[in-house]
Amino acid sequence: MTTPILSARNIEKSFGQVRAMQGASFDVDEGEIVALIGDNGAGKSTLTKILSGVLQPDSGEILIDGKPVHFDSPLDARTHGIETVYQDLSLAVDLNAVQNLYLGREISAPGLMGRLGFLDKKLMRRRAQESFTRLGVRVPDLRAAVANFSGGQRQGIAVARALMWAQRVVFMDEPTAALGVAQTRNVLDLIRRVRDNGISVVLISHSMPDVLAVSDRVTVLRHGRRVATYATGAVTSDELVAAMTGALEREGASA
Amino acid sequence: MTVDTASDNTTTKDQPSMLHDALPRKPLIRRLLDGPELMIFGSLIIIIAIFTVMAPAAFLSGINLRNMAIEASMMMILAVGMTYVIIASGIDLSVGAVLVFSSVASLIAMRATGSDASWVPVLGLVVSLASGALWGLVNGLLIARARLTPLIVTLASMGIALGLARLMTGGVDLTGVPRSIVTSIGIGRLGGLPVIVLIACVFTAIAGIALHMTRFGLYTYAVGSNEQGARRAGIKVDRHIVSIYVISGVCAGLAGYLTLARFSSTTISGHAMDNLKAITAVVLGGASLFGGVGSMYGTAAGVFIPVVLASGLIIVGLPSFWQEVAVGIVLLAAVLLDQYRRRSRSS
Ligand SMILES: Nc1ncnc2c1ncn2[C@@H]1O[C@H](COP(=O)(O)OP(=O)(O)OP(=O)(O)O)[C@@H](O)[C@H]1O
Ligand SMILES: [Mg+2]
């Protein structure tokens, strides 16, 4: 058995009275697609934010390649090659697609101008264009504020941003929620391609058919705890629903 | 493969689609809505044209143009800072009070030297800018770190700064501004142009370039657009907000110094409406009070509209009170437009 590239151990996190994480554990192996499922409020987004450095756990451990790490900010997670598509997309809607793609990682203009804070807009636009083309994400107008786009188009931009920068793990918190059937299938194809390039994907979704179609493993969260992990090939939709709703309680039935 | 809600015409799978193949032509009304600066520039030109036709000699006289330019320049300097603040979805009600405080502190410092040396005006400038920066720092820290709302914080600092300025002067305006400041800046000209106007132009140009072309400016839009998203993108949001209020304070400090030069005394009771005038100019210029939207050239047009209206109405013989009415109406129109633009966005 190989060491997971990213693990969470016994994570606890409370928001006032609400105990969102109650000793959750979670593992991501190299080059796999893990589906993270659970009912509304099970703690999927909270776990995602903790493993992206947005939230700090009250207790518990995060390990990368088996070594404990500490994420004080999203930058720390990023330096370990972790990118995230947040459930709310986290786009600056008044900026255009290129600016969103590069936000926080802009390319400086060469030389003195760069040191004065000027940006190489042309280069960023060209590279953004290339990324969108490579990922098959359609952006109607690279210069228009993202606010003008449809929900699906925005989701495409958020997905492209995460995939463009990810080195090791991409969290996708319901990346297909606003998408139609055809577009959802395209994102699922994209996820497979990313995995085939050696990057692990954590897919959060409420759609059992999608989960079963694309994932290698499924982890079920319930009340802030991992209640089950299955190899996707060996599980049915009914079993997953049973685990999510608590009809079945078992921890660590791992593949 | 495409990720697009409207991709029924592109059915080829596993084939990256062209990105710009379906760029729809935007209707004129849409383009105007997307670029509110265009509209405000248009309005400004129309207003100028009307007055020019009605009273060409008086309206376009050298003295009237100069007065309008100086009036606008003073307001522009405050509006520069306000543009940054409003784009970052903040508000700064303290600018007029900080202007007064800075000019009082600056003049007291210059008078205390009891000297006429050439470094005294420089000291005055430093004190003025530093006072402004300090107030901005206080505002910024309370807003970004203590997480108080900008409206209340700057309302409070407005009261405190103005009260302190009155305490320092005993409530009467101070005179004794060094002559050299008045002659070189206050009434000075360079190549026929008032020095105050030149200073405002250079200052605005630098601030505009920084806003529209640098990382700092980009982060200002990002913070105003989605603060949480900016944080997740690794932007040091708190520090950025603090520096934006410092910029606004420094603008007020500079304006305070220029006021001393222009009137050769402090003008304690003359700036009660400056904060609202600056906000008006910025909003007229197409900025949104929700943050994330605005531009320096829009603000420049927004500064000129009230100034041109005030002077033009007097020249054509209408009571200048109409200016307040007109500006109010244009302001409402600008805000309604912003509201409409937000509603018409897909969400
Ligand atoms: N910032 C917060 N403040 C207070 N409570 C929170 C906060 N974030 C999450 N919670 C609570 O923590 C619990 C877990 O929420 P979380 O968003 O992680 O669930 P989820 O599994 O992602 O649900 P969904 O499927 O609806 O997205 C919920 O009870 C939620 O109300
Ligand atoms: Mg969620």
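These exercises, each with a worked solution, explore a predicted model.

**Exercise 1. The magnesium site**

Find the protein donors of the magnesium ion (ligand 2), then state where they lie in chain A and whether each is buried or exposed.

*Solution.*
- Step 1. Start at the ion. Its protein donors are Ser45(A), through OG, and Gln87(A), through OE1. They lie 1.9 to 2.1 Å from the magnesium ion.
- Step 2. Place the donors. Ser45(A) belongs to helix 1 (residues 44-51) of chain A. Gln87(A) sits in the loop between strand 6 (82-85) and helix 3 (97-102) of chain A. The pair therefore ties together parts that are 42 residues apart in sequence.
- Step 3. Check the cover. Ser45(A) has 18% relative accessibility. Buried means under 20%, so Ser45(A) counts as buried. Gln87(A), with a relative accessible area of 43%, is partly exposed.

**Exercise 2. The surroundings of ligand 1**

Work out which residues come nearest to ligand 1, which elements supply its shell, and which polar contacts reach its oxygen atoms.

*Solution.*
- Step 1. List the neighbours. There are 14 residues around ligand 1. Asn40(A), Gly41(A), Lys44(A), Ser45(A) and Thr46(A) come nearest.
- Step 2. Sort the shell by element. Strand 2 (18-28) and helix 1 of chain A each supply at least two residues. Helix 1 of chain A gives the most, with three residues.
- Step 3. Look at the polar contacts. In Asn40(A), a side-chain N or O atom is 2.9 Å from an oxygen atom of ligand 1. Ala42(A) uses a backbone N or O atom, 3.3 Å from a ligand 1 oxygen. Thr46(A) places a polar side-chain atom 2.5 Å from an oxygen atom of ligand 1.
- Step 4. Add the cover. On its own, ligand 1 has 640 Å² of accessible area, and the protein covers 63% of that.

**Exercise 3. A salt bridge in chain A**

Locate the two partners of the salt bridge between Arg168(A) and Asp65(A), and say how many residues separate them.

*Solution.*
- Step 1. Take the distance. The side chains of Arg168(A) and Asp65(A) meet at 2.9 Å, N to O.
- Step 2. Place both ends. Arg168(A) is in the loop between helix 6 (151-165) and strand 7 (169-173) of chain A. Asp65(A) is in the loop between strand 4 (59-64) and strand 5 (67-69) of chain A. The partners are 103 residues apart, so the pair links distant parts of the chain.
- Step 3. Compare with the accessibility. Arg168(A) is partly exposed, at 24% relative accessible area. Asp65(A) is partly exposed too, at 35%.
- Step 4. Widen the view. The whole structure holds 17 salt bridges over all chains.

**Exercise 4. A network in chain B**

Start from Asp238(B) and trace which residues its salt bridges join into one network.

*Solution.*
- Step 1. Take one partner. Arg145(B) forms a salt bridge with Asp238(B), with the closest N and O atoms 3.8 Å apart. Arg145(B) lies in the loop between helix 6 (120-144) and helix 7 (150-169) of chain B, and Asp238(B) lies in helix 12 of chain B. They are 93 residues apart.
- Step 2. Take another. The side chains of Asp238(B) and Arg231(B) also meet in a salt bridge, at 3.2 Å, N to O.
- Step 3. Check the cover. Asp238(B) counts as buried, at 16% relative accessibility. Arg231(B) is partly exposed, at 29%.
- Step 4. Join the bridges. Shared partners bring Arg145(B), Arg147(B), Glu227(B), Arg231(B) and Asp238(B) into one network.

**Exercise 5. Backbone and surface**

Find where Asn10(A) and Ser264(B), with their positive phi values, lie, then describe the nonpolar surface patch that includes Val325(B).

*Solution.*
- Step 1. Recall the background. Most residues other than glycine have a negative phi.
- Step 2. Read the angles. Phi of Asn10(A) is near 50 degrees, and this residue lies in strand 1 (residues 6-15) of chain A. Phi of Ser264(B) is near 45 degrees. Ser264(B) lies in the loop between helix 12 (237-263) and helix 13 (274-284) of chain B.
- Step 3. Turn to the patch. Leu318(B), Trp322(B), Val325(B) and Ile329(B) make a nonpolar surface patch of about 400 Å². Val325(B) is in helix 15 (residues 321-344) of chain B. It is partly exposed, at 41% relative accessibility.

Note on methods
Residues are numbered from 1 along each chain as its sequence is written. Chains are lettered from A and ligands numbered from 1 in the order in which they are written. This is a predicted model: local features need pLDDT of at least 70, side-chain atom pairs count only at pLDDT 80 or more; totals for chains, interfaces and linings use all residues. Side-chain values use heavy atoms; hydrogens and water are left out. Patches are made of residues with over 30% relative accessible area and no salt bridge: like charges are joined within 9 Å, nonpolar side chains (Val, Leu, Ile, Met, Phe, Trp, Tyr) within 5 Å. Accessible areas come from the Shrake-Rupley method with a 1.4 Å probe; for residues, only the protein chains shown count as cover. A salt bridge is a side-chain nitrogen of Lys or Arg within 4 Å of a carboxyl oxygen of Asp or Glu. Helices (H or I, at least four residues) and strands (E, at least two) are DSSP runs, numbered from the N terminus. Buried means under 20% relative accessible area, exposed over 50%, partly exposed in between (1.4 Å probe, protein chains only). Donors are N, O and S atoms within 2.8 Å of the metal (3.2 Å for Na, K and Ca); water is not among the atoms, so sites may look incomplete. A residue is near a molecule or strand if one of its heavy atoms lies within 4 Å of it. A polar contact is a pair of N or O atoms within 3.5 Å; within protein, one must be able to donate a hydrogen and the other to accept it, and residues adjacent in sequence count only if both atoms are side-chain atoms.
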